Amino acid sequence: MAGLLVGFVALVVVFVVWEWYQGERAIVVPRLFGKREVWVSCGFAGTFLGSYYLVIYVLPIYFQAVGDASPIMSGVYNLPLIVATTISMIASGAIISATGLAVPLQLLGASIGLVATGLLFTLDSDNGVGKWVGFQLLGGVGWGLAFQIPIIMAQANADPEDISSVTAMVLCKLSLAIEKKRVSTANLSKSFNASDPLPLSRRHKRPLSTSWRRRCTLPLRTLIRPRWFRPAPLPSVLCSLRVRWLGLWRPT
Amino acid sequence: MTGIKVAFAIAIAGAGIGLLIGVFNLNGGKWKLSAAEKPKDVHVAV
């Protein structure tokens, strides 16, 4: 633990020195980072959008660990969040293009996102479908509304020759936040799960409706799997993979 | 379940700080983009 902390501080120092040494060629250009619109956008991307990626990483773990869903189905159960985010993101771009109101939309999206994360926190081992679908839809609307605004704001207040630099800075901060939250928190959640499993009396109470699951997997069970996977014997698949593998590594 | 709750709690903290930054931006930042500042193809490409 101490090694990690010391390593973190040392890497931050090295990063700052390197950025200072690079000057105008750095990822975080000091001249641009000093602008209010840029550093506020970086902070917003690092916190609010980082929480989106954290939720999108933890929810499948929740579905698998608590709802006993398969990895594929945990992705399917995540679709309300993805679809709502996508539609909301498109709507957000259209609204900003039409009205120019970016900051109020950012605040609205952050408010809805905060409410949605609070509601997701209330998810337990015995929820109805309406809860986890509704909470994801609400969160998707909030995150989608505010998702592009940091980049829009940073680009809108930059000179044409600085647009690529400010975009890289916002995306860099976003990527750092994603990895920081996703890796550290998800590993934390997994370690907690290992040492603190559900009580035996509650393990059978799955939060996901069986009929919902059966409806979602119907195409896979009736159409895709029997026609494409069963007739293909495993050795032939492995042989074809091996041929491809050898072809890839054949010296030229 | 505790770990997942911890993860969601950190997500709440992140979204809360994001909301505070939004309020800060609303307080002193520029509310409305001018016609020249509205998103164009660069934003779409990103």
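How many of the 30 residues of α3(A) are buried? The answer comes in the second view below.

**View 1. The whole predicted model, with its chains A and B.** This is a predicted model, and the predictor gives the complex an ipTM of 0.77 and a pTM of 0.70. Chain A has 12 helices and 0 strands, so if you follow it from the N terminus on, you meet α-α-α-α-α-α-α-α-α-α-α-α. Of the 252 residues in chain A, 34% are buried.

**View 2. Helix α3 of chain A, a helix with a bend.** Here's the answer to the opening question: 23 of the 30 residues of α3(A) are buried, so the rest of the structure largely encloses this helix. The helix covers residues 36-65 of chain A. From first C-alpha to last, α3(A) reaches 43 Å, close to the 44 Å you'd expect at 1.5 Å a residue. Look for A:Gly50 along the way: that's where α3(A) bends by about 30 degrees.

**View 3. A:Gly50 and A:Leu176, a pair brought together from afar in sequence.** Stay with A:Gly50, the residue at the bend of α3(A), and find A:Leu176 in helix α9 (residues 163-195) of chain A. The two are 126 residues apart in sequence, yet their C-alpha atoms are 8.7 Å apart in space. Is A:Leu176 buried or partly exposed? It counts as partly exposed, because it has 15 C-beta neighbours inside 10 Å, and a buried residue needs 20 or more.

**View 4. A:Val28 in its loop.** A:Val28 sits in the loop between α1 (2-22) and α2 (30-33) of chain A. Which residue is 5.6 Å from A:Val28, C-alpha to C-alpha? That's A:Met169, which is 141 residues away in sequence. A:Val28 has 19 other C-beta atoms within 10 Å, so it is partly exposed.

**View 5. Helices α6 and α7 of chain A, side by side.** Two packed helices are described by the angle between their axes and the distance between the axes. For α6 (residues 103-121) and α7 (residues 129-147) of chain A, the axes come within 7 Å and cross at roughly 155 degrees. That makes α6(A) roughly antiparallel to α7(A). As for handedness, the crossing of α6(A) and α7(A) is left-handed.

**View 6. Helices α5 and α7 of chain A, another packed pair.** Keep α7(A) in sight and bring in helix α5 (residues 79-99) of chain A. Their axes are 7 Å apart, and the helices pack at an angle of about 30 degrees. Are α5(A) and α7(A) roughly parallel or roughly antiparallel? They're roughly parallel to each other, and α5(A) passes α7(A) in a right-handed crossing.

**View 7. Helix α8 of chain A, mostly covered.** Helix α8 takes in residues 149-156 of chain A, and 8 of its 8 residues are buried. Starting from A:Ile149, you'll find A:Pro150, A:Ile151, A:Ile152, A:Met153, A:Ala154, A:Gln155 and A:Ala156 buried along with it.

**View 8. Chain B, and how far to trust it.** Chain B has 2 helices and 0 strands. Buried residues make up 35% of its 46 residues. Chain B averages a pLDDT of 74, and 65% of the residues score at least 70. Where pLDDT is low, the predicted coordinates should not be read in detail.

Notes. Residues are numbered from 1 along each chain as its sequence is written. Chains are lettered from A and ligands numbered from 1 in the order in which they are written. This is a predicted model: local features need pLDDT of at least 70, side-chain atom pairs count only at pLDDT 80 or more; totals for chains, interfaces and linings use all residues. Helices (H or I, at least four residues) and strands (E, at least two) are DSSP runs, numbered from the N terminus. A residue is buried if 20 or more other C-beta atoms lie within 10 Å of its own, exposed if 12 or fewer, and partly exposed in between; C-beta atoms are placed from the backbone. The expected span of a helix is 1.5 Å times one less than its number of residues. The bend at a residue is the angle between axes fitted to the seven residues ending there and the seven starting there. pLDDT is the predictor's confidence in each residue, from 0 to 100. Axes are lines fitted to C-alpha atoms, for helices over the stretch in contact, and angles run from 0 to 180 degrees between N-to-C directions. Angles under 35 degrees count as roughly parallel, over 145 as roughly antiparallel, 65 to 115 as roughly perpendicular and the rest as oblique. A crossing is left-handed if the near helix is turned anticlockwise from the far one by less than a right angle, and right-handed if clockwise.
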